[in-house]
Every structure is written in C-alpha cells, then in structure tokens.
Amino acid sequence: MPDWLSIPRLVELILLGMAIEVIWLLWRHRLAGRTGAPPLLLHLISGALLLLAMKLALTGATPLIVAATLGMAGVAHAAYLNSTLREQ
C-alpha cells in the first residue's frame, strides 16, 4: 500500500465525506423551513465518533481516550434511538 494511503488516512477521508453530508443535511433542513436539528444528525454523529475511535486506536492513542470516544458514540446513538422511538 502506498505511504500516502493508509487506514487512518482512509478514515479521515470518510470523516470528511460525513462532514460534507452533515452540511448538506443541515442546508436542506433549513431550506425546507424546519427548525432545530435534523433527526438523522445524531445518527451521523454516533457513526463519526465510532470512526474517530477507530482512528485513535490505530494511531496509538491511550485506551482511556478511545474508551471515552466510544462512550460518547454510545450516548449519541442512545439519544438517536430515544428520539426515533419517541416519534413513533
């Protein structure tokens, strides 16, 4: 694998794509005249935090930082599930 192409670099590219998706989602949400945050935003945040935890683990971050990032991903996912179930 070339030096410029590594797993942490691919994770960064995926996170960049997710950031673009969030910007587009917020723009579309505002364009529709809705207020607040789009419901899918929490889902994207939890996925981004999972990817960030993977990148941190691959680059040698301390286990406490990785665990904290995974914990925040779990909190964001639980908030998403709570908001989704409350709508039904």
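**Note on a three-helix chain**

1. Of the 88 residues in this chain, 20% count as buried. The model is predicted, and every value below is computed from it.

2. The secondary structure consists of three helices and zero strands. Read from the N terminus, the order of elements is α-α-α.

3. On overall shape, the radius of gyration is 15 Å, whereas a compact globule of 88 residues would have one near 12 Å. The C-alpha trace spans about 45 × 25 × 15 Å along its principal axes.

4. Contacts between residues with a separation of 6 or more can be sorted by distance along the chain. Of these, 53% join residues 24 or more positions apart.

5. Helix H2 covers residues 40-58, 19 residues in total. At 1.5 Å a residue it should span 27 Å, and its end C-alpha atoms are 27 Å apart, so the expected span and the model agree.

6. Which residues of H2 are buried? They are Leu-41, Leu-44, Ser-46, Leu-49, Leu-51, Ala-53 and Lys-55. Buried here means under 20% relative accessible area. These residues pack against two helices, H1 (7-31) and H3 (63-87).

7. After H2 comes Gly-60, which has a positive phi, near 90 degrees.

8. The accessible surface of the chain is about 6,200 Å², and carbon and sulfur atoms contribute 72% of that area. As for charge, there are 6 positive and 4 negative side chains. The centres of these two sets lie 11 Å apart.

Note on methods
Residues are numbered from 1 along each chain as its sequence is written. This is a predicted model: local features need pLDDT of at least 70, side-chain atom pairs count only at pLDDT 80 or more; totals for chains, interfaces and linings use all residues. Side-chain values use heavy atoms; hydrogens and water are left out. Helices (H or I, at least four residues) and strands (E, at least two) are DSSP runs, numbered from the N terminus. The radius of gyration is taken over C-alpha atoms; the globule rule is 2.2 Å times the number of residues to the power 0.38. Buried means under 20% relative accessible area, exposed over 50%, partly exposed in between (1.4 Å probe, protein chains only). Contact means heavy atoms within 4.5 Å. Accessible areas come from the Shrake-Rupley method with a 1.4 Å probe; for residues, only the protein chains shown count as cover. Lys and Arg count as positive and Asp and Glu as negative; His and the chain ends are not counted. The place of a charge is taken as NZ of Lys, CZ of Arg, CG of Asp or CD of Glu. The expected span of a helix is 1.5 Å times one less than its number of residues.
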